[in-house]
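Dear colleague,

Please find below the sequence and the structure that I am handing over to you. A written account of what was found follows directly after them.

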Amino acid sequence: MGEKKYETKHLVCKVCDNDCTLEADLEDGKLIRLRGVPDPSAICSKVRYWNEYIHNPSRIIHPLKNVGSNRGEQKWERISWDQALDEIAQKMMDIKKKYGAESIVFSGTETNQGRQQGMWRRFANVIGTPNWITGQHLCLGNTLQVHRLTYGTHIMENYAKANCILLVGHNPHPNNWAGEYAKLKKARARGAKLIVLDPRPSINARDADIHLRLRFGTDAAMLLGFLNVILNEGLYDKAFVEKYCYGFDELKKRADEYPLERVAEITECKAEDIAKAARMYATEGPSIIPWGPIPDMQVNSTSLIRLQDILMSVCGYLNKSEILSHYDPDIEPVSNIERYDLLSPEQQSKLLGTEEYPLFSYKGYEPFKEPNKRVYGLEYYNLLASFMANPPATFRAMRTGKPYPIKALFNSGTNTLMSYCNQNGIYEGLMNLDLIVVFDHWMTPTAQLADYVLPSDYYLERIGFRQLDHTPSAITQQQVLKPVGEVKHQYFVIKGLADRMGLGKYFPWKDFEEVIDWRIRKTGKTFKEISKQHVIPPSRTIDPLATENGFATPTGKIELYSTALKWLGYDPLPYYREPEQSQRATGPIKKEYPLEVFVGIRDGFNYLTNLRQIPSLRKKQPWPEVFLHPDDVAKYGLKNHQWIWVESVAGRLKAMVKSDPGEPVGTIRVPHGWWFPELPGGPETAFSGAMECNDGLIIPDDDWNLDREQGVVGLRGGFLAKVYPADPPAHFKPEGPDEYYHVVKTINE
């Protein structure tokens, strides 16, 4: 026998959204282990069970067509790729001809299918629809739109340069953003201070120098208190503010409206503790405020993110510990690939939600067109989720046909039914559509409602190139494993549809590798050449602090006072407003619904609505759990591990009670994304439990629960619920379900 052949390949993990860098060790072409690099500890338990993912009997590995007579009826027929693409292309053309291109909606994410180089957005723009939605509306995408208000671009923390870290509800840990947690631990080991804002004693709160247990949803008020201390005690960088910032005097007046006594009353933290934390952030720096999803999901989201930007700016931390980011000038920017110029002003104006919540829209971008040309040379600069339809407005249009009909939905790697608020309303809207296509790994609850389900490859089965316009460094990914079955890369689907719809000239590349080669053509290299290097720093940078062009804002400066918000008719300064349904609500609503809700908690052993098919992970977290303080468990006559209903004005969900002394009295914490893949699909099982147990069922999408500027939904405090006993699901067993996959396996066989 010959000697065994060993090989190491590098890649970017796509099990979650943290993009940790990995190396794969292969023996005779077989994957034997995955390792975190450069830090071996930066790998979570979700990554280790790759084999249970790729070869899961429930994974969809062939194109499927629903031949049932009613939407949601589970009668699936295996078909060829040619038949699937032929039929889908024809139906999309028929819908466009009858209702207009805007009647087609795309729902996608760059996480599940990897970095797609803007190709889905390009496809939508080529077709002529402005309507694109993504879960990044609630996660990073809205942060980037607010960064644009302040800086004209994105800003990213650098743990290696930080002497102080402020976590605003963010809680990286070994099973959630493992790569970031490793950076945090390294910073702490060399002496960096840690401040945590969190109502609960999280893993990082327990390790913090200062833990402020603020009331749910009052983060914006807390940071206004920080700002008051820093400005009134002269702890800010006066020279930096004078040279680079706009609107300081107006900002100072707003900060004076939030003295510590007022902030302490709002947040229920001691004034002296707030002052101590503010001084630590300002004097122990350079400091960082790492991005986390908590600020992205509040009714004060825009103001809260603005306040983080403002604190970084007035303390002079830019390009010290907080790094301004942009695309690499030597790589074709994703924004150019997406071809927004193909959408006429008339089509752009049809973007759903533009008038109500303009910050994501073309209208909201108008003040930045000239600045972005001046600084970056781009007419359209897409910071991840720019030019996006408002999801609640989109699903409302599906239900009502107003302002115009929506008739088709194309899902790429996103479980649309379960990923937004007012899930009952989403279901009603999806049932009205003429065409639903899902490109995914599983027969998700959304896929169960589809006409066609197309099998996607997994990150280990493809090459990759991670470089977006807000992340200048590129990361390459080598293909580790051969794709199983008939799974395909998303570019295969996009090009296949475009060719059939007579749009092939917009997609001239034969495969994804050619797309990457085209993007990096200015470097004079090919993907095969650069793929030998894992991380590729930008060859050139654009520094607004060092050029005459300044920042890509209307004033050319860091806008502490946002001229764009003023132009749009909104408050140009950050503020705090009390949510309509908070713990301080009064009257009948509080009497009927006494508990304030924190929705969307990420379990440690799955990712959003994914990974519950993986046996080794599901055993660690077999059933959905909601957290109540022991006093509330007793108050409402419940028992630990009892199944209950959690009901709000929007609907109700079913989960198990977990008595937790760390949960503030009078609140309830609800996990995100629960369904039961082991159950057959369809209405008989509430679509594998999705219409019974997912958090989206209780989240209102009414205007009172939305951020004013962006239409972001309030999940982190701001609406109320009640609890009462429920029967367990029919297949419930205390030790966990017997199987972790359902009848899709028979189709694959």
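**Helix packing around α19**

Helix α4 passes helix α19 in a left-handed crossing. Please note that this is a predicted model, and the description should be read accordingly.

The α4 helix covers residues 119-127 and α19 covers residues 490-500; they pack at an angle of about 15°, with their axes 10 Å apart. Since angles under 35 degrees count as roughly parallel, α4 is therefore roughly parallel to α19. On the α4 side, the residues involved are M119, W120 and F123, which meet Q490, Y491, V493, I494, L497 and A498 in α19.

A further helix, α3 (residues 81-99), also packs against α19: their axes come within 9 Å and cross at roughly 55°. The two helices are therefore oblique to each other. In this case the crossing is right-handed. The α3 residues that make the contact are W81, D82, L85, D86, I88, A89 and M93, and their counterparts in α19 are F492, V493, G496, L497 and R500. V493 and L497 of α19 thus appear in the contact with α4 and also in the contact with α3.

**The open parallel sheet**

In which order do the strands of the open sheet lie? The sheet has 4 strands in the order β11-β10-β9-β13, and the pairing is parallel. Its edge strands are β11 and β13, each of which pairs on one side only. Helix α11 (residues 271-283) packs on this sheet and touches β9, β10, β11 and β13. The direction of α11 makes about 130° with that of β11.

Strand β10 (residues 193-197) is mostly covered, with 4 of its 5 residues buried. Strand β9 (residues 164-168) pairs with β10 in the parallel sense over 5 bridges. Between β9 and β10 the chain passes through helix α6 (residues 178-189), and this β-α-β crossover is right-handed. Across the β9-β10 pair, C164 stands opposite K193, and L166 stands opposite I195. β10 also pairs with strand β11 (residues 210-212), again in the parallel sense, over 3 bridges. There, V196 of β10 is found opposite H211 of β11.

**The surroundings of W291**

W291 is located in the loop between β13 (287-288) and α12 (301-314). W291 and V168 are 123 residues apart in sequence, but 8.4 Å apart in space, C-alpha to C-alpha. Which residues does W291 contact, leaving aside its neighbours within four places in sequence? They are C139, L140, T143, E157, H170, W177, E180 and D296.

**The barrel**

Elsewhere in the chain, 6 strands close into a barrel, in the order β22-β26-β23-β25-β24-β27 and with mixed pairing. On average, neighbouring strands of this sheet are turned by 45° against each other, direction ignored. Strand β22 (residues 595-601) and strand β27 (residues 716-725) run antiparallel and are joined by 3 bridges. One pair of bridge partners is L595 and A721, the latter in β27.

With kind regards

Definitions and conventions:
Residues numbered from 1 in each chain as written. Predicted model: local features only at pLDDT ≥ 70, side-chain atom pairs only at ≥ 80, totals over all residues. Heavy atoms only, no water. Pairing = 2+ DSSP bridges. Axes fitted to C-alpha atoms, helices over the stretch in contact; angles between N-to-C directions. Buried < 20%, exposed > 50% of the residue type's maximum accessible area, 1.4 Å probe, protein only. Right-handed = clockwise from strand over helix to strand, strands pointing away. Parallel < 35°, antiparallel > 145°, perpendicular 65-115°, else oblique. Left-handed = near helix turned anticlockwise from the far one by under 90°. Contact = heavy atoms within 4.5 Å.
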